[in-house]
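Me: Got a minute to go through this one with me? I'd like the basics, then some detail.

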Amino acid sequence: MDVSKIRKDFAVLNKEVGGRLPIYFDNACQTLRPRQVTEAVMEYYESYPACAGRSVHKLATEVSLRCDAVRARAAEYFNAENPTEIAFTKNATEGLNTVIFGSGLAKGDEVVTTDYEHNSVHVPVLELARTTGVRHRIVRSAADGTLDLEAFEKVMTRKVKLVAMCLTSNVTGYTLPAKEIVDIAHSYGAKVLLDAAQAAPSRKIDVQALGVDSMAASAHKMCGPSGVGLLYVRGELGENIKPRIFGGHGVTDTDITSFKLLPPPERFETGLQNYSGIVGTGASLQYVSSIGLDEILDHEISLNRRMSHALAGLDAVSVVGPSDPNQRGGLFSFNVKGLSAHDVAMILDNSKNIMMRSGMHCCHSFFHSRHIDGCARVSVYIYNTNEEVDVFTDAVMDLADKFSPGA
Ligand SMILES: Cc1ncc(COP(=O)(O)O)c(C=O)c1O
């Protein structure tokens with residue numbers, strides 16, 4: 001993987017911010033976009049800025065064909081059997097909500113999640129439980145955020161209709177043994193919804209090999225534009241899921257007193273869509289695939305190992321998540337004794353132009369249950385370098401010296 005060649009595609013990495021080049025370590029929030037993606041977005045506005053699936057003129061036909069091609073590319077990316085199993089949503093949250101609320105779950109049914117779900121799963125399941133009486137059952141993870149399959153099996157019953165779980169945690173970087181989860185869930189007759197927002201940018205996900213029923217991801221975490229999510233629903237299962245939003249384009253016909261929904265994916269794509277974002281997503285999938293997911297994951301882990309080893313001896317630095325960097329992919333979540341997570345992020349931004357996330361990362365329940373106030377999070381991607389890691393680890397060592405001497 002040629003990181004210096006990749007860096008040339010990202011204009012922002014080559015522009016000084018406040019007199020220094022930025023060190024962008026906030027990739028789990030959203031990645032940067034290469035020129036191939038921004039050019040595709042611009043091309044939409046300049047060459048075929050029309051609407052897909054409705055009008056029959058030439059520009060509209062061009063948009064329809066382009067969107068179909070992106071759908072086919074997304075299906076290939078996840079090895080879906082058919083492109084119609086992929087719907088475009090506005091983000092991962094919309095896809096997750098669609099399945100959680102649209103699956104017809106009712107009082108007497110149970111939904112299982114982990115205790116480290118992103119609020120995009122956690123909150124809709126809480127709301128579903130509150131409004132329908134569905135029982136929410138939670139699998140407790142270990143102190144380091146890893147999940148024990150025995151603990152999972154203990155909460156499974158024939159009443160569980162949906163297992164909704166984060167494939168890769170946005171706090172710890174831990175990735176579930178998804179195949180085992182799917183097999184266990186299916187043996188109880190439950191369907192599985194995977195939140196693949198963090199996994200999709202760097203892990204090969206083969207939905208057919210996993211046998212997963214549905215899955216949601218977002219383009220902006222894999223070099224794509226903001227405002228596009230990808231929802232996978234297997235085969236005919238989509239026919240049993242109601243959309244979250246009703247209206248134009250999602251129906252075959254309406255009468256004064258009735259309507260008939262279109263089959264998936266159109267039923268999940270109501271209203272005019274984010275066409276520039278969709279074609280930009282096609283360019284991002286192509287970009288990421290051309291680098292190779294195995295190469296991307298290896299690169300992330302190698303950077304993570306470098307930073308983890310450099311900081312391993314410091315008592316003032318505690319890692320949130322598994323101690324083994326191989327289990328954390330591209331994420332290094334940590335705290336420095338004597339400083340709040342926001343202080344760490346602000347000091348490193350001000351002093352070194354290191355941009356990272358701090359706080360509870362939309363996973364408040366994870367932190368509350370462990371009595372931690374939050375953490376700073378470095379998340380690396382394809383354009384990050386060993387040199388950037390070294391700037392970061394040196395800066396953290398300085399912080400530890402200054403704010404927790406003797407720790
Ligand atoms: C694990 C996880 N799930 C869901 C989401 C929500 O994704 P989106 O912002 O695309 O809705 C995120 C975003 O950070 C995430 O990290």
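Reply: One term up front: two strands pair if DSSP finds at least two bridges between them. Also, this is a predicted model.

Me: Okay, use that. Which residue in β15 is the bridge partner of Phe 334?

Reply: Ala 376 in β15 is the partner of Phe 334. Strand β15 covers residues 375–379 and is joined to β12 by four bridges. The two run antiparallel.

Me: And how many bridges join β11 to β12?

Reply: Four, again antiparallel. β11 spans residues 317–320. Its Val 320 has Ser 333 of β12 as bridge partner.

Me: Why call β12 largely enclosed?

Reply: Six of its six residues are buried, so the rest of the structure largely encloses β12. Leu 331, Ser 333 and Asn 335 point one way from the strand. Phe 332, Phe 334 and Val 336 point the other way. Both sets are buried.

Me: Let's zoom out. What are the helix and strand counts for the chain?

Reply: The chain has 13 helices and 15 strands. Its radius of gyration is 22 Å, close to the 22 Å from the globule rule for 407 residues, so the chain is as compact as a globular protein of that length. Along the principal axes, the C-alpha atoms fill a box of roughly 75 × 55 × 35 Å.

Me: What share of the chain is buried?

Reply: Buried residues are 46% of the 407. On contacts: of those with a separation of 6 or more, 72% come from residues 24 or more positions apart.

Me: Domains next. Where are the bounds?

Reply: Domain 1 is 3–30 + 292–403, and domain 2 is 37–290. Their centres, over C-alpha atoms, are 28 Å apart. Domain 1 puts 23 residues into the contact, and domain 2 puts in 22.

Me: Which elements supply at least two residues of domain 1's side?

Reply: α10 (293–311), β12 (331–336) and α12 (364–370) each do. α10 gives the most, with five residues. That side divides into 10 nonpolar, 10 polar and three charged residues.

Me: So β12 turns up again. New topic: which residues are around the ligand?

Reply: Asn 91, Ala 92, Thr 93, His 118, Ser 120 and Cys 166 are among them. Others in the shell include Asn 170, Asp 195, Ala 197, Gln 198, Ser 218 and Gly 229.

Me: How does that shell divide into nonpolar, polar and charged?

Reply: Three are nonpolar, eight are polar and one is charged.

How values were computed. Residues are numbered from 1 along each chain as its sequence is written. This is a predicted model: local features need pLDDT of at least 70, side-chain atom pairs count only at pLDDT 80 or more; totals for chains, interfaces and linings use all residues. The radius of gyration is taken over C-alpha atoms; the globule rule is 2.2 Å times the number of residues to the power 0.38. A residue is buried if 20 or more other C-beta atoms lie within 10 Å of its own, exposed if 12 or fewer, and partly exposed in between; C-beta atoms are placed from the backbone. Two residues are in contact if their C-beta atoms, placed from the backbone, lie within 7 Å. A residue is near a molecule or strand if its C-beta atom, placed from the backbone, lies within 6 Å of it. Ala, Val, Leu, Ile, Met, Phe, Trp, Tyr, Cys and Pro count as nonpolar, Asp, Glu, Lys and Arg as charged, and the others, Gly among them, as polar. Domain bounds come from an automatic or database domain assignment.
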